[in-house]
Amino acid sequence: MNKARSNLLNSFAAHAVLITYTLIALFPVFVILINSFKTRKAIFREPLSLPNADSFSLIGYETVLKQGDFFLYFQNSLIVTVVSLFLVLLFGAMAAFALSEYRFKGNTLMGLYLALGIMIPIRIGTVAILDLMVQTGLVNTLWALILVYTAQGLPLAVFILSEFMRQVSDDLKNAGRIDGLSEYTIFFRLVLPLVRPAMATVAVFNMIPIWNDLWFPLILAPAEETKTLTLGSQVFIGQFVTDWNAVLSALSLAILPVMALYVIFSRQLIRGITSGAVK
Amino acid sequence: MISSKKGPKFRWHILVFLAPAVLVYTAIMIMPLFNTLRLALYSEVDNATVFVGLANFRTLFGEAHWADAFWNALGNNFWFFFVHMIVQNPIGILLAAILSHPRLRFASLYRSAIFVPTILSFVIVGFAWKLILSPIWGIAPSMLDMVGLKSLMAPWLGKEEYALTTLALISVWQFVGIPMMLIYAALLSIPEEVLEAGEIDGITGAAAFWKIKLPLILPSIGIISILTFVGNFNAFDLIYAAQGALAGPNFSTDILGTFMYRTFFGFQLQLGDPHMGSAIATGMFAIILLGVCIYLFAIQSRMRRYQF
């Protein structure tokens, strides 16, 4: 009896802590979203109330869509993220297969070399990366960003994928070899489908930092036609600091795509982290 | 490792599999890294690049206005890291400990909600908090008024003495989901038998947490610490989004990332200088390398690995 009561009390306290923190985590997002649909007066008079018939207004969104090319920014972000992820997964899986499947001179050394980049941030080399992109004429193209994000994502991808590829059964691959399949066919047809969950984990880990990055778009591709959504909203908001309707609407527009991605991939992301893939 | 059945035929497919990753990684990551370290030893004199040895570093540490800016940024960076360590990790551990309770309802709902800030970009987070803390808008003052603490209200991001700590706390708010998830995973992987053995010895509840669970999740706390360290010492986006490249007020929120950006690209009246920028990048590289080495040799090697 006594124990049951203390359990109830404990679980009440646990929920209280969690609900409090959930509110702290979601409050800013909530405030931005509801105020983006209000008139300027209502934003200041009652910042915490939901928009109603009186205070509802889309004026901020109209300004944003007229002034900033958010569809172009969105398209740029999407291209950069999708192509980088594709290259990270393809190149990463190929290298991971070579390292985990074949014994050759320098295998361990190559693994260590590729793992260096897990801990050393690529930003340290920014000065020389900009030099390189200027020399090759890639500056202010999406390719500059794609190449940088591919290089940035490869070390962890190779590390995680080679761990998983070691678990693929040798019998299966050898059966394929006896049937006369080439090494390439074995990789693409037999091994890749089996490590799909690990590939999804790698993709989700890389997706959010690429989508949200501000540093490299700012330095390598600040031109109007190559701006990503993150850089675009940063510049746009900087110009419209006094137009609260526009700023709040621009923030909401920037939040939406990430939230959509999160809703789609959250299970994969959480499973990836909690499966201890990054250790 | 040398192949035991080394045939006379060269195995081309290994090269094909490795080449793309190694090429991209070497060309875009490793070469620029070393080139940046090399550029720090050069300088621009009369439109020609000349080798100047360690002169850039002598300027950085010797000339008062450079040295002051550098030590200010480094000191701020350490404070930024310190706030993360003492606020982010305890909150993360607390949330994870509650979430890992086996009969907790709605656990996955809480988990997903608390992780939301982590997926938002620094630009969104920086501007959102700037608006919320703004004295003009009045969300923060009216909320403090509700709990009777209106006297505590101050323009936190505008005052030199509060701005850096406020930004560090905003960053903690954003990233608390990561330690929470990693420690949650570590707590779930503790086998039931270990806890039951403790229960038989009379260790339950809070005592079980301190005496059994906490020692077992120490390796995860080590990993989180080094991830936070590396992340903090190349942070830039949040400060840039909230305070601009000048890291105001009066450089009180300047950290190494913003300092390097300003030096590299120039600002206001000062011209950009890639060579001084490289010198600062070299400094950041050294600090991060030192941190990683301390972690690998001093912390990780001493930590006992528990095998179940």
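Student: What makes up the lining of the second largest pocket by class, in nonpolar, polar and charged residues?

Tutor: In this predicted model, the lining has 21 nonpolar, eight polar and six charged residues. Glycine counts as polar in this scheme, so G205(B), one of the lining residues closest to the pocket centre, belongs to the polar class. K213(B), also among those closest to the centre, is charged, because Lys is placed in that class.

Student: Which elements give two or more residues to the lining of this pocket?

Tutor: They are α1 (2-35) of chain A and, from chain B, α3 (64-99), α8 (177-188), α9 (192-200) and α10 (205-233). The most comes from α10(B), with nine residues. The volume of the pocket is about 1,500 Å³.

Student: Why is T166(B) called buried?

Tutor: Buried means under 20% relative accessible area. The value for T166(B) is 12%, so this residue is buried. T166(B) belongs to helix α7 (residues 160-175) of chain B.

Student: Which residues is T166(B) in contact with, leaving aside neighbours within four places in sequence?

Tutor: The contacts of T166(B) are L133(B), W156(B) and L157(B). The term applies because each pair has heavy atoms within 4.5 Å.

Student: Why is the largest nonpolar core said to lie between domain 1 and domain 2 of chain A?

Tutor: Both domain 1 (2-62) and domain 2 (68-239) of chain A contribute residues to this core, so it lies between them. The core has 187 residues, and those touching the most other members are V148(A), F216(A), L220(A) and W137(B). Helix α4 (residues 70-101) of chain A is the element that gives the most to the core, with 15 residues. The centres of the two domains, taken over C-alpha atoms, are 37 Å apart.

Student: Which residues does L220(A) touch, not counting those up to four places away in sequence?

Tutor: L220(A) touches I129(A), L130(A), M133(A), V139(A), N140(A), A144(A), L145(A) and V148(A). N140(A) cannot be a member of a nonpolar core, because Asn is not among the residue types admitted.

Student: What makes a space a cavity and not a pocket?

Tutor: A cavity is a space where a 1.4 Å probe fits but cannot get out, whereas a pocket is open. Six cavities of 30 Å³ or more are counted, and the second largest has a volume of about 70 Å³.

Student: How many residues of each class line the second largest cavity?

Tutor: Its lining has 10 nonpolar, one polar and no charged residues. S266(A) is one of the lining residues, and Ser falls in the polar class because it is in neither the nonpolar nor the charged list. The most comes from α13(A), with six residues, while I119(B) is also part of the lining.

Methods: Residues are numbered from 1 along each chain as its sequence is written. Chains are lettered from A and ligands numbered from 1 in the order in which they are written. This is a predicted model: local features need pLDDT of at least 70, side-chain atom pairs count only at pLDDT 80 or more; totals for chains, interfaces and linings use all residues. Side-chain values use heavy atoms; hydrogens and water are left out. On a 1 Å grid over the protein atoms alone, a cavity is a set of points where a 1.4 Å probe fits but cannot get out, and a pocket is an open set with protein on both sides within 12 Å along at least five of seven lines; lining residues have an atom within 4 Å of a point. Grid points are joined across faces, edges and corners, and a volume is the space filled by probe spheres set on the points. Helices (H or I, at least four residues) and strands (E, at least two) are DSSP runs, numbered from the N terminus. Domain bounds come from an automatic or database domain assignment. Buried means under 20% relative accessible area, exposed over 50%, partly exposed in between (1.4 Å probe, protein chains only). A nonpolar core is a set of buried Ala, Val, Leu, Ile, Met, Phe, Trp, Tyr and Cys residues joined through side-chain atoms within 4.5 Å.
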